[in-house]
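Reader: I'd like a close look at the salt bridges in this one. Please set them against the rest of the chain as you go.

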Amino acid sequence: MTSLNSFPSMRVMPREMRLMSERIFSLSSLPKGFFLTVGDFPMYSQKLGLGGFQLFEKRFVSFRSAAVARIAIASEEGHRITLDAAGEHAWFVLPTALDLLGELAARFGSAELTVLGATDADELAIATRFGGRSGLAISMSGNVLKAVPAAVTGDVPKDDPLLWSLLEEGAEIESDLWWRIYHLAKQALATDSIVSRRHAGPMIVNEDGTVIGRKDNDDETDVTFLSSRLSEREKAERKKESARS
């Protein structure tokens, strides 16, 4: 596949985009659990033609010092709230913004949220495509988000057409960029070692070949290659490691 800018590109599906995003966000200073709420934002941003994964790569270093607890309500009057982002990235503002819009819309029938001081504020536009899944019709003008209640049908193509498009078609991403994202995400994985190799998904293979964890193998997992003559292989690898040191 080749992009409109004539750079070699590839179609990436939501599973891979979500997996890479989760791993990279786990390397940031975001509270554990919070980064799970922002995992779809790079994917939505990419599909909308915003900063996407190029912006993700660009901002990664700054994400290591993110401090989302600084985001605070600056003022509130009826159905209107001003939110001080304190310089935090728009992706990290969105979970709070969506929660506040939902609360105000439920209480007053409509909501208006002004966001001040967000980095890459254009990315707040993601909210306009994200609200449907939580029963909101959201619009954006400048740094102001407005919302009114909307029915949730339970039908993904109607409630979240952008997500449905992603599930059907994926998103086009420059190939070189995607592989840089892939290698960045690999930093979140455990260092390759004898012990890590014995942790095979939902199970652990002990040195004597016994298995701890799931044993149903309903996905045709074959652990015999891990347990067969495991001790001998580990001893051989330890000797190699000792020789190198």
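Author: First, a word on terms: helices are DSSP runs of H or I with at least four residues, strands are E runs of at least two, and both are numbered from the N terminus. By that count the protein chain has 11 helices and 10 strands. This is a predicted model, so local features need pLDDT of at least 70 and side-chain atom pairs count only at pLDDT 80 or more, while totals for chains, interfaces and linings use all residues. Residues are numbered from 1 along each chain as its sequence is written, and side-chain values use heavy atoms, with hydrogens and water left out.

Now the pairs. Side chains of opposite charge can pair when their charged atoms come close. Here a salt bridge means a side-chain nitrogen of Lys or Arg within 4 Å of a carboxyl oxygen of Asp or Glu. Searching the whole structure turns up 11 of them.

Let's begin with R133 and D40, whose side chains meet at 3.5 Å, N to O. R133 sits in the loop between α5 and β5 (136-141), and D40 in the loop between α1 and α2 (41-47), so this pair ties together parts that are 93 residues apart in sequence. For exposure, buried means under 20% relative accessible area, exposed means over 50%, and partly exposed is in between (1.4 Å probe, protein chains only). On that scale D40 is buried, at 11%, while R133 is partly exposed, at 35%.

Next come E57 and R180, with side chains that meet at 2.6 Å, N to O. E57 belongs to helix α3 and R180 to helix α8, so the bridge ties together parts 123 residues apart in sequence. E57 is partly exposed, with a relative accessible area of 28%, and R180 is partly exposed as well, at 41%.

Helix α8 (residues 175-185) has a buried side too: S175, L177, W178, I181, L184 and A185 are buried there. An α-helix has 3.6 residues a turn, so residues three or four places apart point the same way. Among the elements covering the buried residues of α8 are β1 (9-12), α1 (14-26), α3 (52-63) and β7 (171-174). So α3 supplies E57 to the salt bridge with R180 of α8, and α3 is also among the elements that cover α8.

A third pair is R80 and E112, at 3.6 Å, N to O. This one links distant parts of the chain, with R80 in strand β3 and E112 in strand β4, 32 residues apart. R80 is partly exposed, at 43% relative accessibility, whereas E112 is buried, at 18%. Some bridges also share partners: R18, D40, R133 and D160 are joined that way into one network.

What about a charged residue without a bridge? D159, in helix α6 (residues 156-159), is buried yet has no salt bridge. Counting Lys and Arg as positive and Asp and Glu as negative, with His and the chain ends not counted, its nearest side chain of opposite charge is K158, 8.1 Å away. Contact means heavy atoms within 4.5 Å, and, leaving out residues up to four places away in sequence, D159 touches G132, R133, A151, V152, T153 and G154. So R133 turns up twice: as the partner of D40 and as a contact of D159.

Now for the nonpolar side of the picture. A nonpolar core is a set of buried Ala, Val, Leu, Ile, Met, Phe, Trp, Tyr and Cys residues joined through side-chain atoms within 4.5 Å. The largest one has 57 residues, and M17, F25, L30, W91, F92 and L113 touch the most other members. Helix α4 (residues 90-108) gives the most to this core, with 11 residues. W91 touches, among others, F25, V38, F41, P42, L55 and F56, with residues up to four places away in sequence not counted.

Back to the whole chain: 38% of its 245 residues count as buried. Among contacts between residues at least 6 apart in sequence, 65% join residues at least 24 apart. The R133–D40 bridge, linking parts 93 residues apart, and the E57–R180 bridge, linking parts 123 apart, are pairs that span the sequence in this way.
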